[in-house]
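Colleague: I am new to this structure and would love a close look at one part of it. Could you walk me through the place where protein and DNA meet?

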There are 2 protein chains.
Amino acid sequence: MAAQRDEGDEVVTGTPTAPGADRADGAPGADTAEHVEEPTALTRERARAIPEAAVARLAVYLRVLSGLAEQGVNTISSEELANAAGVNSAKLRKDLSYIGSYGTRGVGYEVEVLVGQIERILGLTRKHSVCVVGIGNLGHALANYGGFPGRGFPVTALFDVDPDLIGVPVGGIPVDHIDDISRVVAEREVSIGVIATPPKAAQEVCDRLVAAGVQCILNFAPVVLQVPDYVEVRKVDLAVEMQILSFHVARRADEATESGGGPDLSDVDGVVIRR
Amino acid sequence: MAAQRDEGDEVVTGTPTAPGADRADGAPGADTAEHVEEPTALTRERARAIPEAAVARLAVYLRVLSGLAEQGVNTISSEELANAAGVNSAKLRKDLSYIGSYGTRGVGYEVEVLVGQIERILGLTRKHSVCVVGIGNLGHALANYGGFPGRGFPVTALFDVDPDLIGVPVGGIPVDHIDDISRVVAEREVSIGVIATPPKAAQEVCDRLVAAGVQCILNFAPVVLQVPDYVEVRKVDLAVEMQILSFHVARRADEATESGGGPDLSDVDGVVIRR
DNA sequence: GCAACTTTGTGCCTGCGTTCACAAGCGGCT
DNA sequence: AGCCGCTTGTGAACGCAGGCACAAAGTTGC
């Protein structure tokens, strides 16, 4: 049982596996020992070495780069690209260095090359079949996206329990009953499952997905899913997002009343948090 | 111009959230300084001191606690709560310590008290009016959520540019034209704006929201929004989430072929370095 | 009232990710 | 051909967040 990541950030980093759970190798005292690896010989793309936060950013760079490519831009410097992606250029260069050295000093990066390399690292050279479970409001919206945002993620199966929905095509795909999940997932080689069910059903749906062989799950239900170690879960939690924003609204209100300022904070800037 | 966090993931996603990204306050070393303070007299919450990642987790704890409260649970230990929330208990206690000392040693936490305190910190004691811009598939789904996930976030305004939509009620609220955004936002005291438009329109919509006085934005459009420093942006980027999962799928495939093993990792030779 | 047990709150350490800053490398210009 | 300026790639420093482990504090039982 590993909990999934949470971060917040959005749905971001951190990888809280079960506390000491992994390290199945035994050797109780061994953990202090080796851990060093061989950083020099990072031959094959040691995907493992890329921090998850960097992966998320790579996806953003990719989108920006794709846009640039369409506009006919051939070359871009780290500074420009960093700007467009909203990060600092050092970070961008480090992120790109994780996937290899594809820049030309004194010039910048070739857009096409970068797009290709990032796609390769993110595994986008291959299509990943997606299924959506729970065809309510959100499920509908997701299904209708068709080839999911950014294409390369064809939705090939939809599931629900509602008898009225079974067989009805949504976004061109007929809804299957969730009891058939195992068969359908196998037939259509689904590699990513999206959970858009009510919270109560989420864990069971998750278990069924896992049992059907799905190892990557995107969870929209506001629950903490329990999954085996080898399953990758990412969650998108609207309630949490809203509450984080609420926190900031509150913070702002506090600061405003505290400093006597109006809603216009533009001039505050210099350390409001006395204490 | 401040870029928003990412994360991813924080997206958290994640955010992650990008750890140090915000921190508009400057005063780099300031936070390390006093931090000890008189825990007794931490009267008003100096919200700033709470790491964003912790805020995100507090929202999760809150949901778990609410569930427990409904089930009639009165008291819970950090260990149990941590389990339910999928984090480690030390982290949970540290997170809770950010908001004060509301536990009883030897006993645990009183569920009601914790719920109240977290709600206070997250600013949930007050309702935050939300508007949704872009009534397409996703916008529809969001509008239909009604009082947004977790209640306390009433959707009070919807905007679009499509003349066919204007005036049509969605989820009980008639759609306004985006040109009226400034007036409507002011009238209904919208404090949070949700962008669910196509990417091309997102930046302009964002600018209009900001101009209308909205300082917190939840962005579903796959673009990096440029906003003034004082505006808080969180993004939910489905494409990025999918691509992160894709990355993991690819990683998995690599490992499998590399070690010659099938999807079952349990039997491989010594070093699979899973995770 | 005291002792034993339980659980919180937190100081400290560790590790990761971000940032800085600079040497290395490449193209253009003379 | 050689020099100059620009941009990459990365070693090293820094800062923050996570995890451990323990003292403090409260409860229960005798």
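How many nonpolar, polar and charged residues does the surface near DNA strand C have?

Modeller: Happy to help! Please keep in mind that this is a predicted model. By class, the surface near DNA strand C has seven nonpolar, 11 polar and eight charged residues. In total, 26 residues surround this strand, and the closest are R57(A), R105(A), S78(B), R93(B) and Y109(B). On the DNA side, sugar or phosphate supplies 67% of the strand C atoms within 4 Å of the protein, with bases making up the rest.

Let us go through some individual contacts. In chain B, a backbone N or O atom of G103(B) sits 3.1 Å from a phosphate oxygen of DNA strand C. A polar backbone atom of G106(B) is 3.0 Å from a sugar or linking oxygen of DNA strand C. For a base, look at K94(B): an N or O atom in its side chain is 3.4 Å from a base nitrogen of DNA strand C. Stepping back to whole elements, two or more residues of the surface near DNA strand C come from each of α1 (52–70) and α3 of chain A, and α3, β4 (103–104) and β5 (108–110) of chain B. The largest share, four residues, belongs to α3(A).

Now turn to the partner, DNA strand D. Here 27 residues surround the strand, the closest being S78(A), Y109(A), R57(B), K94(B) and R105(B). Of the DNA strand D atoms that come within 4 Å of the protein, 69% are accounted for by sugar and phosphate. The surface near DNA strand D has, by class, six nonpolar, 11 polar and 10 charged residues.

Three contacts are worth finding on this strand as well. A polar backbone atom of G103(A) is 3.0 Å from a phosphate oxygen of DNA strand D. From chain B, the side chain of K91(B) has an N or O atom 3.5 Å from a phosphate oxygen of DNA strand D. A base is reached by R105(A), where a polar side-chain atom lies 3.0 Å from a base oxygen of DNA strand D. As for elements, α3 (89–99), β3 (103–104) and β4 (108–110) of chain A and α3 (89–99) of chain B each supply at least two residues of the surface near DNA strand D. The largest share of that surface, four residues, comes from α3(B).

For some background on chain A, its secondary structure comes to eight helices and 12 strands. Of its 275 residues, 49% count as buried.

Definitions and conventions. Residues numbered from 1 in each chain as written. Chains lettered and ligands numbered in written order. Predicted model: local features only at pLDDT ≥ 70, side-chain atom pairs only at ≥ 80, totals over all residues. Heavy atoms only, no water. Near = heavy atom within 4 Å. Polar contact = N/O pair within 3.5 Å; in protein donor to acceptor, adjacent residues only side chain to side chain. Nonpolar A, V, L, I, M, F, W, Y, C, P; charged D, E, K, R; others polar. Buried < 20%, exposed > 50% of the residue type's maximum accessible area, 1.4 Å probe, protein only.
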